[in-house]
Amino acid sequence: MSDIPLLPHVEAFLRRQHALFIDGGYVQSHSGQTLEATNPATGQVIAEVADADPADIDAAVASARRGFKHWSQVAPATRGTVLFKLADLMEQHREELAQIETCQSGKIIQISRAFEVDQAAHFLRYYAGWASKITGQTITPSLPSFAGERYTAFTLREPVGVVVGIVPWNFSTMIAIWKLASALVTGCSIIIKPSEFTPLTILRIAELAMEAGLPPGALNVLTGTGLVGKGLVEHPGTNKVSFTGSVPTGIAVGQSAMGAGLTRATLELGGKNSAGFLPDVDLDKAVSGIIEAGFLHSGQICAAAERFFVHRSQIEAVMDKLAQRLSALNIGSPLDERTEFGPVANRQHQLKLGAFFDRARAQNNRIVHGGRLIDRPGCYVEPTIILANGVDDTLLNEETFGPIATFLPYDTEEELLALMNNTPYGLSASLWTNDLGKALRMVPAIEAGTVWVNMHTLLDPAVPFGGSKSSGVGREFGAAFIEDYTELKSVMIRY
Ligand code: NDP
């Protein structure tokens, strides 16, 4: 087992004194305060970034307002061209970006390459294609005509203004790309606030965006703690917030946004997603499905499933086979290409997962596999299978955001649907069966923004994504994002 060597410019990038990215270049923070970025695979500090203060927030917003004024007047096709160029540059710098991402997040290098670069570029191109296809409508009003006058009306889709994009640590690049692509393609400018745990890759992407031809101010990056996000949301110069993160922070952000003069808010929040397996599914396929649904990127995916409902006649066999598969996983350094299961993203998260294991034990849940922190440097936890005693157990209700699959048996399809819906959240769910007719009849009864059949977790830019119930407000992807990033203006004409 050995790590791939870091590229020389990755090492040089990490050694830099990272500043804030404002107005097309790096600017030192007013306070000079910094935050450390730590590699969760080793526990070592790998870089220092600026911690923005209120004066930096003012500077970034002023830059973004100037950027908006200019960028919103750029021809739509040119906006698309710049985003296509950025996608090309990301691919040209694939290994560099993937290595930076793996060092800051502990994501295994194969996932950094495939999702944080390849998929992010794929999403970026999807959005770029919309640039020249955003249209309004023409309407004929039915107003009275007394002297032969006539009327016509049309709608304009206008960019909403300066967007604040607040990004979590789990997919720091891909989620930032969703936000900046939606904003820039519609003619908005954007200020990205990455998580304090993963501030680095987006800074390099901002440099590439300038190389792609984005004008200064159209994209700014402010690193710092949650206070920076709060300051941006509450700033009178920002017009919209696009937030992805946890439910409690999302609710606070939504309240701040409303309080700041009805700033528009899109909230993509967490959940407690369900996967339901009907008894006709082959056991090996069910186990592969559970690994796809619950263990990709150590379960640190908002759409991942954490609640697994399997027919009583099969649940022991499924958990046995799953335990065998998890035992065989290659757990190791995320920079080793053979590693299948790496660390979780930070110490705080590792300790939170440890507390969930303690809670499961305290509630007499059966730990079928795993259930411990791994005693080695870095933030590792064991991939874990838990059998709950009943619907009220903590592990069936609170989002762990980790590699913990909690199971409960069911007897009838009605019971399965009731269990799947027994949560205040509704981001995603999956149903696994060979009977497509039955699946199509059950799908409308499942309360979730996305329902997968015989698959889980995978997202496509053409398919809208977002939460129902307490998992969010608004949709990303498809054509749905256009409504969130534009204002509809109606124009009526008498002639
Ligand atoms: P958090 O909610 O803790 O943080 C998300 C972002 O918000 C971070 O950049 C954070 O900064 C910032 N932030 C913190 N406090 C505030 C505030 N008061 N005002 C504005 N911004 C603030 O989430 P995590 O980073 O821990 O990410 C994990 C969560 O994200 C999970 O619950 C997961 O389900 C959810 N998620 C949802 C997705 C979806 O599409 N629905 C996708 C991915 C994740 P800092 O980190 O510096 O504190």
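A residue is called buried here when its relative accessible area is under 20%. The legends below describe a predicted model.

**View 1. The whole chain divides into two domains.** The domain assignment gives domain 1 as 8-269 + 472-492. Domain 2 covers 273-460. Taken over C-alpha atoms, the two centres are separated by 31 Å. The domains touch: 26 residues of domain 1 are in contact with 28 residues of domain 2. The UniProt record (an unreviewed entry) places "domain: Aldehyde dehydrogenase" at residues 26-491. Over that stretch the chain is 38% helix and 21% strand. Its end C-alpha atoms lie 42 Å apart.

**View 2. Seven strands form an open sheet.** Follow the order β14-β15-β16-β13-β12-β18-β19. The pairing is mixed. At the edges sit β14 (366-369) and β19 (450-453), each of which pairs on one side only. From one strand to the next, the twist averages 25°. Helix α11 (residues 315-327) packs on this sheet. The helix touches β13, β14, β15 (384-387) and β16 (404-410). The direction of α11 makes about 160° with that of β15.

**View 3. Strand β12 pairs with β13 and with β18.** Strands of a sheet pair through backbone hydrogen bonds, either parallel or antiparallel. Here β12 (residues 273-277) and β13 (residues 305-311) pair in the parallel sense, over five bridges. One residue pair to find is Ala 275 and its bridge partner in β13, Phe 308. The pairing of β12 with β18 is parallel too, over four bridges. In that pairing, Ser 274 stands opposite Ala 429 of β18.

**View 4. Strand β18 is buried on both faces.** All of this strand's residues are buried, five of the five in residues 428-432, so β18 is largely enclosed by the rest of the structure. Ser 428, Ser 430 and Trp 432 lie on one side. Ala 429 and Leu 431 lie on the other. Four bridges join β18 to β19, and these strands run parallel. Ala 429 stands opposite Val 451 in β19. Add helix α14 (residues 436-442), and β18, α14 and β19 make a right-handed β-α-β unit.

**View 5. Strand β10 is enclosed and has partners in β7 and β11.** Five of the five residues of β10 (residues 240-244) are buried, so the strand is largely enclosed by the rest of the structure. Lys 240, Ser 242 and Thr 244 point one way. Val 241 and Phe 243 point the other way. Strand β7 (residues 162-166) runs parallel to β10, joined by four bridges. Strand β11 (residues 264-268) also pairs with β10 in the parallel sense, over five bridges. Phe 243 is a useful landmark: Ile 166 stands opposite Phe 243, and the bridge partner of Phe 243 in β11 is Leu 267. The chain crosses from β10 through helix α9 (residues 247-259) to β11. This β-α-β crossover is right-handed.

**View 6. Three strands form an open antiparallel sheet.** The order is β5-β6-β22. The edge strands are β5 (138-139) and β22 (486-494), and each pairs on one side only. Strand β6 (residues 151-159) is joined to β5 by two bridges, and the two run antiparallel. In β6, look for Phe 154, the bridge partner of Thr 138.

Key
Residues numbered from 1 in each chain as written. Predicted model: local features only at pLDDT ≥ 70, side-chain atom pairs only at ≥ 80, totals over all residues. Heavy atoms only, no water. UniProt positions renumbered as here; feature names shortened; annotations may be inferred. Pairing = 2+ DSSP bridges. Axes fitted to C-alpha atoms, helices over the stretch in contact; angles between N-to-C directions. Contact = heavy atoms within 4.5 Å. Buried < 20%, exposed > 50% of the residue type's maximum accessible area, 1.4 Å probe, protein only. Right-handed = clockwise from strand over helix to strand, strands pointing away. Domains from an automatic or database assignment.
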